[in-house]
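Here is my note on the model shown below. Please read it with the coordinates open.

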There are 2 protein chains.
Amino acid sequence: MKWSDLSDNWCPVARTLSIVGDRWTLLILRDCFLGMSRFEQFIESSGMTRHILADRLKRLVESGVLERKAYSTTPKRYDYVLTDKGQELAPALLTLRDWGKKHMPVRRATSA
Amino acid sequence: MKWSDLSDNWCPVARTLSIVGDRWTLLILRDCFLGMSRFEQFIESSGMTRHILADRLKRLVESGVLERKAYSTTPKRYDYVLTDKGQELAPALLTLRDWGKKHMPVRRATSA
DNA sequence: CAAGGTAAGTTTCGTTTTGGAACTATGGCA
DNA sequence: TGCCATAGTTCCAAAACGAAACTTACCTTG
């Protein structure tokens, strides 16, 4: 089965995961909730590679979770900001955070 | 950056995602919450391939989210059941479900 | 007892996706 | 003119994945 088929699955969890269920995407959204909006910020914060980030941002814009807004015309530069639809993922991030705090104690510090 | 490094990340969301942040894992857990516990059930329900399921189940057991319990000794057969730690992922699944219900309407039915 | 069925994986192989790093484009600034 | 910043894109090798066949171990049915 192809992962992309999940967007029409009968199960609403599966449909949600067709958008945020891959590696990195929820981490980008976490950064958005922390106030970040730019390509280089996401790169620095998450540690993901540049072309994966470019791909994920494109998908998130296509699915209406993020909006790509120009903040400079010359040169062309864009902010990626949460739409209302994206904002409503906050409860999901919060439950994942709470679970991590409770069940995933840190064993050693990391710089990232 | 390696994805596995996230288990020691400063951010609790990232640490949670180091376990459930890949494709398929949350879908397996959804099935667990629906009462499923066996290999063939997960295969039939999710549509994922057998060796990917085997890999995900092993990881989930290693991380203490599922427990592998023998339900037959001859031949050896196992149930995969949620631990307390796994049970506590319910709120996360519910928020993802709610978001899907609200923001991911079904366009056409699928058999899966 | 041989044939077929069930459950739970494992192996193989060809295709995709990913990580890492370098490269490109556009303009600002010294 | 040369260097810096932002936001990507391209290239290649490595890892992950999908599909399907194969394996192991037992059970049932003829």
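1. Start with helix α4 of chain A, residues 50–62. It has 13 residues and reaches 18 Å from its first C-alpha to its last, close to the 18 Å expected at 1.5 Å a residue. The expected span is 1.5 Å times one less than the number of residues. Helices (H or I, at least four residues) and strands (E, at least two) are DSSP runs, numbered from the N terminus.

2. A word on provenance. This is a predicted model: local features need pLDDT of at least 70, side-chain atom pairs count only at pLDDT 80 or more, and totals for chains, interfaces and linings use all residues. Residues are numbered from 1 along each chain as its sequence is written, chains are lettered from A and ligands numbered from 1 in the order in which they are written, and side-chain values use heavy atoms, with hydrogens and water left out.

3. Which residues of α4(A) are buried? They are A:Leu53, A:Arg56, A:Leu57 and A:Leu60. Seen down the helix axis, these buried residues fall within an arc of 100°, so they line one face of α4(A). The arc is that of the directions from the axis to the C-beta atoms. On the other side, A:His51, A:Lys58 and A:Glu62 are exposed. Buried means under 20% relative accessible area, exposed over 50%, partly exposed in between (1.4 Å probe, protein chains only).

4. The cover over the buried residues of α4(A) includes α1, α2, α3, β1 and β2 of chain A. Contact here means heavy atoms within 4.5 Å. After α4(A) comes A:Gly64, with a positive phi near 80°.

5. Now DNA strand C. It is surrounded by 20 residues, and A:Arg56, B:Met1, B:Arg50, B:Arg77 and B:Tyr80 are the closest. Near means that a heavy atom of the residue lies within 4 Å. The largest share of this surface, four residues, comes from α4(A).

6. Look at the polar contacts of strand C (pairs of N or O atoms within 3.5 Å). A polar side-chain atom of A:His51 is 3.2 Å from a base nitrogen of DNA strand C. The side chain of B:Glu40 places an N or O atom 3.0 Å from a base nitrogen of this strand. For B:Tyr80, the partner is a phosphate oxygen, at 2.7 Å.

7. For DNA strand D, the largest share of the surface, four residues, comes from α4(B). A polar side-chain atom of B:Arg56 lies 2.8 Å from a phosphate oxygen of strand D. A:Arg50 instead has a polar side-chain atom 2.9 Å from a base nitrogen of strand D.

Terms used. Polar contact = N/O pair within 3.5 Å; in protein donor to acceptor, adjacent residues only side chain to side chain.
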